[in-house]
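Student: I am new to this structure. Please show me how to read its features.

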Amino acid sequence: MSTIDSVLTETRVFQPSADFVKQANVPGMAAYQALCDEAERDFEGFWARLARETLQWSKPFTRTLDESNAPFYKWFDDGELNVSYNCLDVNLANGNADKVAIIFESDDGTVTRVTYRELHARVGRFANGIKALGYKKGDRSIIYMPMSIEAVVAMQACARLGITHSVVFGGFSAKSLQERIIDVGATLVITADEQVRGGKTIPLKPAVEEAFAMGGCEAVRNVVVYRRTGGKVAWTEGRDLWMHDVEKGQSDQCEPVQVEAEHPLFVLYTSGSTGKPKGVQHASAGYLLWAALTMKWTFDLKPSDVYWCTADVGWVTGHTYIAYGPLAVGATQIVFEGVPTYPNAGRFWETIQKHGCTIFYTAPTAIRSLIKAAEASPDHHPKKYDLSSLRVIGSVGEPINPEAWMWYYNNIGGGRCPVVDTWWQTETGGHMITPLPGATGLKPGSCTLPLPGIMAAIVDETGEDVELGKGGFLVVKRPWPAMIRTIWGDPERFKKSYYPEELGGTCYLAGDGANRDTDGYFWIMGRIDDVLNVSGHRLGTMEVESALVAHPMVAEAAVVGRPDDLTGEAVVAFVVLKRARPDDAEAMEIAKELRNWVAKEIGPIAKPKEIRFGDNLPKTRSGKIMRRLLRVVAKGESVTQDVSTLENPAILEQLGKAL
Ligand code: WTA
């Protein structure tokens, strides 16, 4: 990762071409500035105008922002609408009925297309089906599905009925699934028999069975199963139903249930610095407004585009930029089931060529691994493919290092496509700091400038603005419509985590460190808390530690992140066993066992890359584990800090050695 000094002196600036600016939705810096000025001048008026122009309301709102119970902000709260109506019916009415909504590219390359008319009908049938089972507004569902048209149908059908969904990434374990079913109070689970990735099938329904066997899921009345592979699955008569049977005989027309603007559209669990993952609760109207607007602003989306976001619907990117945003603006999008390296490292490039993709949105970790792969297998180098259809390329999830940025810009974007490096979070609902492709000059590695209406700033620990170049905490000083509303079932934690008293209680604390250069460009420096970012996935060190100490052999564990060329950060765990420290051969065995254990407790993405065993952990005399020092030894560096406050300084040498 780049150091602060090197990025702040970045001199390369890539301006959009005159041709791009001319056709852009936000054409040039003056147009961007005009929007920012409008928001400065009349904050509520700005948002009210956009909300009226962008969404269709069944009951128009008269109040824009209610700050009376800050930080529990409400937006457009006396208005009513339906999210699925805005994503589907609106497109039938405005001439997009026969436009392709989704090009589904399956793992093996088979393609299925659905038009807006067909998608509307599928959502209508499925929504009618679950309605017939008794599910209604206010209920919660868990969606544990592979990348598929059916996952989008499930999410949209819930939105149509006012059922709050909580999507659980298919890579999470049965245990993680069970915890989310219980926490959100789900009465319905929608899943698939199996998922297919990289030529392999991975069971999903069996994980649901396992979650149920752990107990606590008794409130779930039905498990609806999409048949993806036809693999054998256990079946509980009465409770379990095939998705196609639920849809059978149902009408295509399902009256959308109009909900209040603040009605929770979904809860999505994400990692924090303490305890269990938290359920980030999003509202309906404000969220959809921002999903639609950012599609147009950040991606410069036009009716003729073929848009592709490679994220999974299990993450927020797959919510905002697959399940909701593209449909809300009537886009044609590619939904991809597979992995970037199957059947070979050219899969992304081949898929872009095959479908004439014009806007491509992926994660730095995928870019970095494909740089390596392109070098290793020249036959699948991007230059072997025709990528001339592309016009905007994007990045999300973690800082993109300038080298990877340049490779992406030149090899994928052909030196022609603006790279939109979008900074945002599960909590923000949509893009916050990002270039606008027809306006912003780009600097490799910087997410550049806040979107209009987003009052981002960098402050010190007292909440005071820092000077340019000083660095500090990234905050957002005013609320915005797509913001997190609360943590499901834990409003106190919401306040403490995001609106700390130290910062005055009305300033959103993002949890990232950042800096600004003399042009005012933002540079994200990574998390300031105990959250790791591994391949763009958020993981709490505490979560991994709790998983490790749940193993019968483990007495104590401390987990830290270490910079990693490929995954951004890697998990390193320091473990004290209940028995004597193992010798090297045995340690390898135990480490393997513990890695698999973590995969079972949380999911394979949380597996520590390295585990080191010690007789103890470095602790202060009051018993506090010194993670700061562990971060140093995890990198293989020697400790130069003062260790005189340590109870047991000698332990550092023992833990400094990798297996
Ligand atoms: C990081 C993903 C640098 C950041 C949408 C943030 C980024 C966390 C960027 C949120 C970016 C995301 N540049 N860092 N463009 N985008 N991050 O909730 O640390 O999975 O706080 O949302 O990812 O991760 P989350």
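Student: Is cysteine 417 buried or exposed?

Tutor: Keep in mind that this is a predicted model. Cysteine 417 counts as buried, because its relative accessibility is 0%.

Student: What is the relative accessibility of cysteine 447?

Tutor: For cysteine 447 the value is 2%, so cysteine 447 counts as buried.

Student: How many disulfides does a search of the whole structure find?

Tutor: Start with the idea. A disulfide joins the sulfur atoms of two cysteines by a covalent bond. Here the search finds 0.

Student: Why does cysteine 417 have no bond to the closest cysteine sulfur?

Tutor: Look at the distance. The closest cysteine sulfur belongs to cysteine 357, and it lies 9.8 Å away, too far for a bond. Cysteine 447 has its closest cysteine sulfur in cysteine 36, at 14 Å, so that is too far as well.

Student: Now for empty space. How many cavities of 30 Å³ or more does the structure hold?

Tutor: The general idea is to roll a probe the size of a water molecule over the atoms, which shows where empty space is left. This structure holds 1 such cavity. The largest cavity has about 50 Å³ of space. Its lining includes Leu81, Ile163, His263 and Ser284. By type, the lining has 8 nonpolar residues, 4 polar and no charged.

Student: Which residues lie closest to the centre of the second largest pocket?

Tutor: That pocket holds about 390 Å³. Of its 22 lining residues, Thr54, Lys296, Ala328, Val329 and Gly330 are closest to the centre. Helix 11 (285-297) is one of the helices that supply at least two lining residues. Helix 11 gives the largest share, 4 residues. The lining divides into 11 nonpolar, 7 polar and 4 charged.

Notes. Residues are numbered from 1 along each chain as its sequence is written. This is a predicted model: local features need pLDDT of at least 70, side-chain atom pairs count only at pLDDT 80 or more; totals for chains, interfaces and linings use all residues. Side-chain values use heavy atoms; hydrogens and water are left out. On a 1 Å grid over the protein atoms alone, a cavity is a set of points where a 1.4 Å probe fits but cannot get out, and a pocket is an open set with protein on both sides within 12 Å along at least five of seven lines; lining residues have an atom within 4 Å of a point. Grid points are joined across faces, edges and corners, and a volume is the space filled by probe spheres set on the points. Ala, Val, Leu, Ile, Met, Phe, Trp, Tyr, Cys and Pro count as nonpolar, Asp, Glu, Lys and Arg as charged, and the others, Gly among them, as polar. A disulfide is a pair of cysteine sulfur atoms within 2.5 Å. Buried means under 20% relative accessible area, exposed over 50%, partly exposed in between (1.4 Å probe, protein chains only).
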